[in-house]
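Biologist: I have a protein model open and would like to learn how to read it. Could you take me through it step by step?

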Amino acid sequence: MAVAMQVNLGGLTMKNPVTTASGTFAAGREYSAFVDVSALGAVTTKGVSLHGWEGNASPRIAETPSGMLNSIGLQNPGVDHLKEVELPWLASQGATTIVNVSGHSFGEYVAVIEALEEAPVDAYEVNISCPNVDAGGMTIGTDPASVTEVVQRCREATERPLIVKLTPNVTDITEIARAAEAAGADALSLINTLMGMAIDAERRKPLLARVVGGFSGPAVKPVALRLVWECHKAVKIPLLGMGGIASGVDAVEFMLAGATAVAVGTANFYNPTATVEVIAGIADYCERHGVSDVNELIGALEC
């Protein structure tokens, strides 16, 4: 049985429901020996800022049971490099491209989008987990008023699909989700990493130079599933689910919880073909369960 795999993520047509989680796939070039990037639903680039960011001090990666911690600090060469080098390459490969937009102020988010409006970009993913220097370093995505302002400003800057990436490090994620939806988001992406830390007991020192970092990998999947399910009940716009996805069944679980599409992240580090394996796994699940269209899975959890 042929399974219809196309989904619509807030106006972004994806040939299948699988993209990459920002920061785990660069802009795809490094993985091109293992994955045909045009076969993915989309490639989501590493976060880009207006100017290059050096990132955090090392060590900034630590393995944990069933996961990893990272404190990369959104290191990137800036939007001009993305425009001149990476986006033309992705276009030449026939890839659908989502650019992850980062900033330390509301104006910087807008400036990045404005710089990309003439580039071959299919959608933007706005990373609101960045600290806002205009608000004393507070993470933008933890305050509904800040979320409203940054999403409204980004919405005014583009007509392209606008996906807003939510942080799980909040008391009530549905409050943030509703604020983003009301401000003009076309879709929500969740979850970004949980905050965690690791300690070397022998040296009595943290394993990361900045002590805390973002926790990702299979261990976060139950939390991510719960937050996707909660947001699916709270908003009407589509969801891009992520957090510990490493197989087709993992992806199906997110879709049953309410996600329209999914992103593969940490799995790319230890299995460079994880994305295409997840796509195949979703199709296999559908065939085994008599599902002719993958959209039938969205929110189909029976409680």
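Modeller: Happily! Keep in mind that this is a predicted model. Let's begin with contacts: of those in the protein with a separation of 6 or more, 71% are between residues 24 or more positions apart.

Biologist: What is the secondary structure of the protein made of?

Modeller: The protein comes to eight helices and 20 strands. Its radius of gyration is 18 Å, close to the 19 Å that the globule rule gives for 303 residues, so the protein is as compact as a globular protein of that length. Along its principal axes, the C-alpha trace spans about 55 × 50 × 40 Å.

Biologist: And what share of the 303 residues is buried?

Modeller: Buried residues make up 54% of them. Here the cut-off helps: a residue counts as buried when its relative accessible area is under 20%.

Biologist: Can we look at one helix with that in mind? How many residues of α6 are buried?

Modeller: Eight of the 10 residues in α6 are buried, so this helix is mostly covered. Among them are Val252, Phe254, Met255 and Leu256.

Biologist: What do the buried residues of α6 pack against?

Modeller: Their partners are α5 (221-234), β19, β20 (261-264) and α8. Just after α6 comes Gly258, which has a positive phi, near 130°.

Biologist: What about the stretch before the helix? Where is Gly244 found?

Modeller: Gly244 sits in the loop between β19 (239-242) and α6 (248-257). With a relative accessibility of 15%, Gly244 counts as buried. Setting aside neighbours within four places in sequence, Gly244 is in contact with Gly217, Pro218, Val220, Lys221 and Asp250. You can also try a distance: from Gly244 to Val278 is 12 Å, C-alpha to C-alpha, and the two are 34 residues apart in sequence.

Biologist: Now for charges. How do I read a salt bridge?

Modeller: The general idea is that side chains of opposite charge can pair when their charged atoms come close. This structure holds nine salt bridges. Lys221 and Asp250, which we met as contacts of Gly244, are linked with Glu253 in a network of salt bridges.

Biologist: Which residue does Glu117 pair with?

Modeller: Glu117 forms a salt bridge with Arg160, and their closest N and O atoms are 3.6 Å apart. This pair links distant parts of the chain, 43 residues apart: Glu117 is in the loop between α2 (106-116) and β10 (123-127), while Arg160 is in the loop between α3 (144-157) and β13 (162-165). Glu117 is partly exposed at a relative accessible area of 24%, whereas Arg160 is buried at 18%.

Biologist: What does a salt bridge look like inside a helix?

Modeller: An α-helix has 3.6 residues a turn, so residues three or four places apart point the same way. Now look at Asp284 and Arg288, which both lie in helix α8 (residues 274-288), four residues apart, or about one turn. They form a salt bridge with their closest N and O atoms 3.0 Å apart. Asp284 is partly exposed, with a relative accessible area of 36%, and Arg288 counts as exposed at 51%.

Biologist: How close are the N and O atoms in the salt bridge between Asp200 and Arg203?

Modeller: The closest N and O atoms there are 2.9 Å apart. Arg203 counts as partly exposed, at 47% relative accessibility.

Biologist: Last topic: how do I find pockets?

Modeller: Rolling a probe the size of a water molecule over the atoms shows where empty space is left. In this model the largest pocket has a volume of about 1,200 Å³. The elements giving two or more residues to its lining are β7 (67-70), β18 (212-216) and α7 (267-270). β18 gives the most, with five residues.

Biologist: Which residues lie nearest the centre of the largest pocket?

Modeller: Of the 49 lining residues, those are Asn70, Leu74, Asn192, Thr193 and Gly214. By class, the lining has 18 nonpolar, 27 polar and four charged residues.

Biologist: And how much space lies in the second largest pocket?

Modeller: About 200 Å³. The second largest pocket is lined by 13 residues, with Ala27, Lys46, Pro77, Leu82 and Glu86 nearest its centre. β8 (76-78) and α1 (79-93) each supply at least two residues of that lining. Its classes come to five nonpolar, five polar and three charged residues.

How values were computed:
Residues numbered from 1 in each chain as written. Predicted model: local features only at pLDDT ≥ 70, side-chain atom pairs only at ≥ 80, totals over all residues. Heavy atoms only, no water. Salt bridge = Lys/Arg side-chain N within 4 Å of Asp/Glu carboxyl O. Buried < 20%, exposed > 50% of the residue type's maximum accessible area, 1.4 Å probe, protein only. 1 Å grid on protein atoms, 1.4 Å probe; cavity = no way out; pocket = protein on both sides within 12 Å on 5 of 7 lines; lining within 4 Å. Points joined across faces, edges and corners; volume = space filled by probe spheres on them. Nonpolar A, V, L, I, M, F, W, Y, C, P; charged D, E, K, R; others polar. Contact = heavy atoms within 4.5 Å. Rg over C-alpha atoms; globule rule 2.2 N^0.38 Å.
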